[in-house]
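Got your viewer ready? Load the model below, and we'll walk through it one selection at a time.

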Amino acid sequence: MKIVVCVKQVPDTTEVKIDPVTNTLIRQGVPSIVNPFDKNAVEAALQLKEKHGGKVTVITMGPPQAKAALKECLAMGADEALLISDRAFGGADTLATSYTLACAIKKLGHIDMIICGKQAIDGDTAQVGPEIAEHLGLTQVTCVSKIEVEGSTVKVEREHEEGYEIIATKIPVLLTVLKSINEPRLPTVKGTMKANRKEIPTWTAGDMDVNPEQLGLKGSPTQVRRIFTPQQRVQGELIQAGSAREAAAKLAGKLLAAKIV
């Protein structure tokens, strides 16, 4: 099987900062990590390769420093990695991002499966994976918690609010996976050393068959108008009492006095 995994390097959620002028994430000086959902996607691809054979290629779109995320995926066991990087891609929303990734995947040639994480923790849109499928005209299944492959048939378990669906489809297919699908393996020392020695190619807009009008900010129909930090909520009151009954009585009295009940 030839599997492509799309990953994203994201700011550590404990260090996210917003530029109040540009309304964009401040990435300089902020530690970055591989998007957690994407690690589950890499693990799912590696398990399929181990069971059925094949090749796993990991790709990302981002600045040059995003190679660190790709090297981590290589250390986990991915076979190849590809960075898509160009100033022309700057300011891309999910539509422009998915178009650029789809063009890169198309250039890679025949692919049996594309696996993406459910969503990125910085944007939380869950749109890029499905949009890649639309650009490439592929069948897509989202929120996958289990994958089985039998010949050219892919059977998945899809999680939703009321339970699970069992869906069978033919390859090629794009899947987005949940964190519940697996526990990502840790990179090995041998894998890390091998990843550090591996050259990761970088493709720019000139290396792919793209429409410049669909790239970056120019190709992004959605733009952020305003970002703000909500005011911190006032801390609640801790009711002290000798027993649970007394505490409940005090709470009821306060709620009645405030006309909440």
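## The whole chain

The protein has six helices and 11 strands; helices (H or I, at least four residues) and strands (E, at least two) are DSSP runs, numbered from the N terminus. This is a predicted model, where local features need pLDDT of at least 70 and side-chain atom pairs count only at pLDDT 80 or more, while totals for chains, interfaces and linings use all residues. Residues are numbered from 1 along each chain as its sequence is written, and side-chain values use heavy atoms, with hydrogens and water left out.

Show the C-alpha trace first: along its principal axes it spans about 70 × 45 × 40 Å. Now switch on the surface. The protein exposes about 15200 Å², and carbon and sulfur atoms supply 52% of that; accessible areas come from the Shrake-Rupley method with a 1.4 Å probe, and for residues only the protein chains shown count as cover.

How many of the 261 residues count as buried? The share is 39%, where buried means under 20% relative accessible area, exposed over 50%, and partly exposed in between (1.4 Å probe, protein chains only). Among contacts (heavy atoms within 4.5 Å) between residues at least 6 apart in sequence, 70% join residues at least 24 apart.

## Stop 1: helix H1

Select residues 36–52, which make up helix H1. The expected span of a helix is 1.5 Å times one less than its number of residues. For the 17 residues of H1 that gives 24 Å, and the end C-alpha atoms are 25 Å apart, which agrees.

Colour the buried residues of H1 next; among them are Phe-37, Val-42, Glu-43, Leu-46 and Leu-48. While you turn the helix, remember that an α-helix has 3.6 residues a turn, so residues three or four places apart point the same way. Just after H1 comes Gly-53, with a positive phi near 80 degrees.

## Stop 2: a salt bridge from H1

Stay on H1 and pick Glu-43. Which side chain meets that of Glu-43 in a salt bridge? The partner is Arg-185, at 2.7 Å, N to O; a salt bridge is a side-chain nitrogen of Lys or Arg within 4 Å of a carboxyl oxygen of Asp or Glu. This pair links distant parts of the chain: Glu-43 sits in H1, and Arg-185, 142 residues apart from it, is in the loop between E10 and helix H5 (189–197).

Glu-43 has a relative accessible area of 4%, so it counts as buried, while Arg-185 is partly exposed because its value is 26%. Add Glu-50 to the selection, and you have a network of salt bridges linking Glu-43, Glu-50 and Arg-185.

The structure holds nine salt bridges. Two others to click on:

- Glu-148 and Lys-146, whose side chains meet at 3.5 Å, N to O. Glu-148 is partly exposed at 30%, and Lys-146 is partly exposed at 42%.
- Lys-218 and Glu-213, whose side chains meet at 3.8 Å, N to O. Lys-218 is exposed at 60%, and Glu-213 is partly exposed at 49%.

## Stop 3: Gln-119 and its loop

Move to the loop between strand E6 (113–117) and helix H4 (128–136), and select Gln-119. Is Gln-119 buried or exposed? Its relative accessibility is 17%, so Gln-119 counts as buried. Leaving aside neighbours within four places in sequence, Gln-119 is in contact with Asn-35, Phe-37, Asp-124 and Ala-126.

Zoom in on Asp-124. A polar contact of 2.8 Å joins its side chain to that of Gln-119. Here a polar contact is a pair of N or O atoms within 3.5 Å; within protein, one must be able to donate a hydrogen and the other to accept it, and residues adjacent in sequence count only if both atoms are side-chain atoms. Asp-124 also lies in the loop between E6 and H4, and it is partly exposed because its relative accessibility is 45%.

## Stop 4: backbone oddities

Most residues other than glycine have a negative phi, and most peptide bonds are trans. Asp-124 has a positive phi near 55 degrees. Cys-143 has a positive phi near 55 degrees too; you'll find Cys-143 in strand E7 (residues 139–150), and at 19% relative accessibility it counts as buried.

Last, select Ile-171 and Pro-172: a cis peptide bond joins them, with omega about 5 degrees. Pro-172 lies in the loop between strand E9 (163–170) and strand E10 (173–177).
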